[in-house]
Structures are given as C-alpha cells and as structure tokens.
Amino acid sequence: MTPDEYCQDKAAKSGSSFYYAFLFLPPERRRAIHALYAFCREVDDVVDNAGEESVARIKLAWWRTQVDRMIDGTPEHPVTRALQPHLQTCGITRERLLAVIDGMEMDLDQSRYLDWAGLRKYCWLAAGVVGELSAGVFGHTDARTLDYAGKLGLAFQLTNIIRDVGDDARRGRIYLPVQDLQQFEVKAADILNGVYSDRFTALMRFQTQRARSLYREAALALPESDRRAQRPGLMMAAIYYDLLAEIESDNWQVLHQRISLTPIRKLWLAWKTWVGGGRGLLRRLARERA
C-alpha cells in the first residue's frame, strides 16, 4: 500500500461525513485532503485508543517529531510521506499541525471546561485550525476565507460535542461548560448517568443555538470570490447542519444513543451543495439568529 493509498483507506474506513465532500475534489487536492485527514485521525486515535495516559503522551511527542521530520524533508510515516508534497502548495505549516496535536493533548489534561471561552479554545485547536488547513487544500485567494474556515471548524466541533454527549460521558468526559450546567441547573451526575429532564433539554437547546450562531458567522465571513473553491467545506457544512437539525428534531436524545445521518443522505446533501455551489446553504445559514 502506497502512502496515498494508506491515507485514502483511512479516510474511507472512518465513515466520517468529511469523506463525502472529498469525493468531489480533483485528484491532487483529494490526495492532499486525504493525507491531512489521516494525520488528524492518527493523532486523535492516540488519545482515544491509548490505555495509559503516559503512553498517549509519548505517542503524541513522537508525532511532533514526525511533523519536524516532514518539514525538514525526511518524512517517515506513511501519513507524513503522503502529506509532505502538499505542504507549500496548500499552505500547510508546522505551527498549525502542532496546534492540532496540542488540541488532542488537551484531552489528556482535562475532562471538564469551566466556561465557553475554555471550550472554544479546545474547539479551535481540535477543529478550527483544521478548518484553516482544509481551506488551504481547497484553495483560496482571499485571507478572509481563513476566518470563515476557522469558524466553520468551531461549528463542526460543537456539533460533534452535542451529538456525543452520551458517548463522552461513558468515557468520563463532559465537554459542556460547567457554567452552562450551573445556569440550567443540570448536574454532571445526571449526564454521567444518562438522566433526561426539561433542564437538560433547555441546556442542549442553548448549545445548539450557539452552534447555529457559529454556522451563521462562518457563512457571513466567506468571500464570494472563494465560494466555488470552498464548496467541499460547504458540503461538509450541509451535512453537519442537517445533523444538528436531526438531533434537535429528536429532542436531544443523545445520552443513550449516537444520532447520525445515513450514508445516502450525506451523499445527497454533498451532491446538492456541489451542484448548487452552496448558495442555498449560505442563504439558509445567514438567516440564523445572531
């Protein structure tokens, strides 16, 4: 298996919504985004699959050395070998790749966040930076596009957090800010024990509106000149935004299950957004309340 095949295989097997947007890219950009996605998946798996915290930290430190070797022109791992040819053309920098690793390492440092400012920092490192990196792979001519991509990454990560409240709780993690739990009088023990209530519903409605505001900010930030190039990101936005709507329509029943869209629905949303250039989606997002 070549490095490119390794990354493509990792993206295909993930079942991620992102993969459906990648299908529409030209071959060279598709190889680049597969390699970037595989890098993010590798470092994320270090934290998710490591049995011991010390082992996870050692592995993340090793990945930092792999980033340095790639930047120096001597990549070793299949992922860095696949990613290295795209560094300059796609604006992939050492600083951003290390920031992604910093985000993964935050999961080893804490399992609670006091407020939205703290959670936003985590979301930025885990997904906002990835949004900027992805925008470089898709291509852009306006620096404002990076602002759009970063905010879209934040919206994606918060959508994931809303979807995975139950799964995360079963691993002893609650990403919802402590201040928000206190505001809506939801006890951490209730989330850990899978207890639904009107207070929990109000809390999740609040988080969903916060995510919708981020989608709106992203839509308003995207320059018209880069809309065509950034269609893959808009395709992902269409899928994630529909997922958020699905969770809401199910009254945020996320403590005992993981709500998801079918592959056919994801492909349909991706295709519709590609053909329409994302114009309908952007209008829809821009109408969200600030």
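## Burial and the Tyr 19–Tyr 20 pair

A residue is called buried when its relative accessible area is under 20%, exposed when that area is over 50%, and partly exposed in between. By this cut-off Tyr 20, with a relative accessible area of 15%, is buried, and Tyr 19, at 17% relative accessibility, counts as buried as well. The model in which these values were computed is a predicted one.

A pair of aromatic rings is described by the distance of the centres and the angle of the planes. The structure holds 14 aromatic pairs. Among them is the pair formed by Tyr 19 and Tyr 20, which is edge-to-face, with 6.4 Å from centre to centre and 75° between the planes.

## The Phe 184–Phe 206 pair

The rings of Phe 184 and Phe 206 have their centres 5.4 Å apart and their planes at 50°, so this pair is tilted. Phe 184 lies in the loop between helix H11 (178-183) and helix H12 (188-192), whereas Phe 206 belongs to helix H13 (residues 198-221), so the pair ties together parts that are 22 residues apart in sequence. Measured in space from C-alpha to C-alpha, the separation of Phe 206 and Phe 184 is 9.4 Å.The two partners differ in burial, since Phe 184 counts as buried at 18% relative accessibility, while Phe 206 is partly exposed, with a relative accessible area of 30%. When residues up to four places away in sequence are not counted, Phe 206 touches Asp 180 and Phe 184.

## Other ring contacts

Ring pairs also link Phe 156, Tyr 215, Tyr 240 and Tyr 241 into a cluster. Tyr 215 appears again in the largest nonpolar core, where it is one of the residues with the most contacts inside that core. A charged side chain meets a ring elsewhere in the model, where Arg 231 lies over the face of Trp 274, at 3.7 Å from the ring centre.

## Overall architecture

The protein has 16 helices and 0 strands. Its radius of gyration is 19 Å, close to the 19 Å that the globule rule gives for 290 residues, so the protein is as compact as a globular protein of that length. Taken along the principal axes, the C-alpha atoms fill a box of roughly 55 × 50 × 30 Å.

Of the contacts in the protein with a separation of 6 or more, 74% are accounted for by residues 24 or more positions apart. The accessible surface comes to about 13,100 Å², and 49% of this surface belongs to carbon and sulfur atoms.

## The nonpolar core

In soluble globular proteins, nonpolar side chains tend to be buried together. In this protein, buried residues make up 54% of the 290 residues, and the largest nonpolar core has 101 residues, with Phe 39, Leu 83, Leu 97, Leu 176, Ile 191 and Tyr 215 having the most contacts inside it. Helix H8 (residues 116-138) gives the largest share of this core, namely 12 residues.

Leu 176 shows in detail how one of these core residues is surrounded. Leaving aside its neighbours within four places in sequence, Leu 176 is in contact with Tyr 113, Ile 161, Val 165, Leu 181, Ile 191, Leu 203, Met 204 and Gln 207. Among these partners, Ile 191 is itself listed with the residues that have the most contacts inside the core.

## Residues in loops

Two residues in the loop between helix H14 (231-249) and helix H15 (263-276) deserve a closer look, and Asn 251 is found there. Although Asn 251 is not a glycine, it has a positive phi of about 60°, and with a relative accessible area of 36% this residue is partly exposed. Trp 252 has its place in the loop between H14 and H15 too, and has a positive phi of about 55° although it is not a glycine. Trp 252 counts as buried, at 2% relative accessibility.

His 86 is found in another loop, the one between helix H5 (78-83) and helix H6 (87-90). At 4% relative accessibility, His 86 counts as buried. Not counting residues up to four places away in sequence, His 86 touches Glu 28, Arg 31, Ala 32, Gly 91 and Ile 92.

Terms used. Residues numbered from 1 in each chain as written. Predicted model: local features only at pLDDT ≥ 70, side-chain atom pairs only at ≥ 80, totals over all residues. Heavy atoms only, no water. Phe/Tyr/Trp six-rings, centres within 6.5 Å; stacked < 30°, edge-to-face > 60°. Buried < 20%, exposed > 50% of the residue type's maximum accessible area, 1.4 Å probe, protein only. Helix = DSSP H or I, 4+ residues; strand = E, 2+ residues; numbered from the N terminus. Lys NZ or Arg CZ within 6 Å of the ring centre and 35° of its normal. Rg over C-alpha atoms; globule rule 2.2 N^0.38 Å. Contact = heavy atoms within 4.5 Å. Areas by Shrake-Rupley, 256 points an atom, 1.4 Å probe, with all protein chains shown as cover. Core = buried A, V, L, I, M, F, W, Y, C linked by side-chain atoms within 4.5 Å.
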